[in-house]
Amino acid sequence: MKENALREQIAMIGKSLYDRGLAHGSAGNISVRLADGWLMTPTNSCLGRLDPARISRLDSSGKLTSGDPPSKETFLHIAMYQERATASAVVHLHSVHAVAVSCLGHVNPDDVFPPITAYAIMQVGKLALVPYFPPGDPALADAVGKLAGKHHAVLLANHGPVVAGSTLDAAVNAIEELEQTAKLVLLLHNRPTRLLTPEQVSELNRRFPN
Ligand SMILES: [Zn+2]
């Protein structure tokens, strides 16, 4: 896809996420890989009101070459791209149910969600929990980088999800499935639940590797 079309797509998807309450205020950011760098949503921008022409353009070292200054969370995106050669897009949200799950105690940090639906396993896979660090702390990028090779979706503790995809559509679909799964996990809290069996999970992973 040409760069201008990608800029339009970022703005369209940002508005869609904002209109459905998956992003609020200036929270959340979207990036797309280019042949020679990245497009990144600007710092303090609202995903619901992005101007495609002002989206930040970064070179392959992460330096701003045009547009507004990039999100302060750019380093999270670059940490994902560095470990995932096939990733073409990264989306990060502070969506309410995923953030709620990111604050829960006693979750499995290697696989946060219990196996409740096939689509969560197919699109999110094993969601890893990244330990808490203050916003902007370089240790957060290191922690994401350590997990990103094995996980295309990670959940920052007490913060929110970061998801990489082979296309922007794939990354957005996966982070929406993640948010939906977080909502279901909270709805099912303390209710007797029929989980998928390990055999059913293995079968899904075999048929739909992610
Ligand atoms: Zn954030």
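Biologist: In this predicted model, which residue of β5 does V32 stand opposite?

Modeller: Strand β1 covers residues 29–34 and pairs with β5 in the antiparallel sense. The two strands are joined over four bridges. Within this pairing, the β5 residue that stands opposite V32 is A89.

Biologist: Which residue is the bridge partner of V91 in β8?

Modeller: Strand β5 also pairs with strand β8, which spans residues 160–165. This pairing is antiparallel and has four bridges. In β8, the partner of V91 is V163.

Biologist: Are the residues on the two sides of β5 buried or exposed?

Modeller: Strand β5 consists of residues 89–92, with A89 and V91 on one side. V90 and H92 are on the other side, and both faces of the strand are covered. A residue counts as buried when its relative accessible area is under 20%. By that criterion, A89, V91, V90 and H92 are all buried.

Biologist: H92 also appears at the metal site; which residues coordinate the zinc ion?

Modeller: The donor residues are spaced in sequence as E-x18-H-x1-H-x64-H. The distances are 2.0 to 2.8 Å, and E73 is listed with OE twice, while each histidine contributes NE2. The coordinating residues are therefore E73, H92, H94 and H159.

Biologist: How many residues apart in sequence are the parts that E73 and H94 tie together?

Modeller: E73 is buried, at a relative accessible area of 15%, whereas H94 is partly exposed, at 25%. E73 lies in the loop between β4 (64–66) and α2 (74–83). H94 lies in the loop between β5 and α3 (96–102), so the pair ties together parts whose separation in sequence is 21 residues.

Biologist: Turning to charged side chains, why are E3 and R7 separated by about one helical turn?

Modeller: The side chains of E3 and R7 meet in a salt bridge, at 3.0 Å from N to O. E3 is partly exposed, with a relative accessible area of 24%, while R7 is buried, at 8%. Both residues belong to helix α1, which covers residues 3–19. They are separated by about one helical turn because their spacing in this helix is four residues.

Biologist: How many residues apart are E3 and R57?

Modeller: E3 forms a salt bridge with R57, and the closest N and O atoms are 2.9 Å apart. This pair links distant parts of the chain, since E3 is in helix α1 and R57 is in strand β3 (residues 56–59). R57 is buried, with a relative accessible area of 18%. The separation of E3 and R57 along the chain is 54 residues.

Biologist: Which residues are linked with E3 in a network of salt bridges?

Modeller: E3 forms salt bridges with R7 and with R57. The count of salt bridges comes to eight. In the network, E3 is linked with R7, R57 and D36.

Biologist: What is the distance between the closest N and O atoms of E203 and R207?

Modeller: E203 and R207 are four residues apart in helix α7 (residues 198–207), which means that about one helical turn separates them. E203 is partly exposed, at 29% relative accessibility, and R207 is exposed, at 56%. Their salt bridge has its closest N and O atoms at 2.7 Å.

Biologist: What distance separates the C-alpha atoms of G37 and S61?

Modeller: G37 lies in strand β2 (residues 37–40) and is buried, with a relative accessible area of 5%. Apart from its neighbours within four places in sequence, G37 is in contact with V32, L58, D59 and S60. G37 and S61 are 24 residues apart along the chain, and their C-alpha atoms are separated by 7.5 Å.

Definitions and conventions. Residues numbered from 1 in each chain as written. Predicted model: local features only at pLDDT ≥ 70, side-chain atom pairs only at ≥ 80, totals over all residues. Heavy atoms only, no water. Buried < 20%, exposed > 50% of the residue type's maximum accessible area, 1.4 Å probe, protein only. Pairing = 2+ DSSP bridges. Salt bridge = Lys/Arg side-chain N within 4 Å of Asp/Glu carboxyl O. Contact = heavy atoms within 4.5 Å. Donors = N, O, S within 2.8 Å, 3.2 Å for Na, K, Ca; no water.
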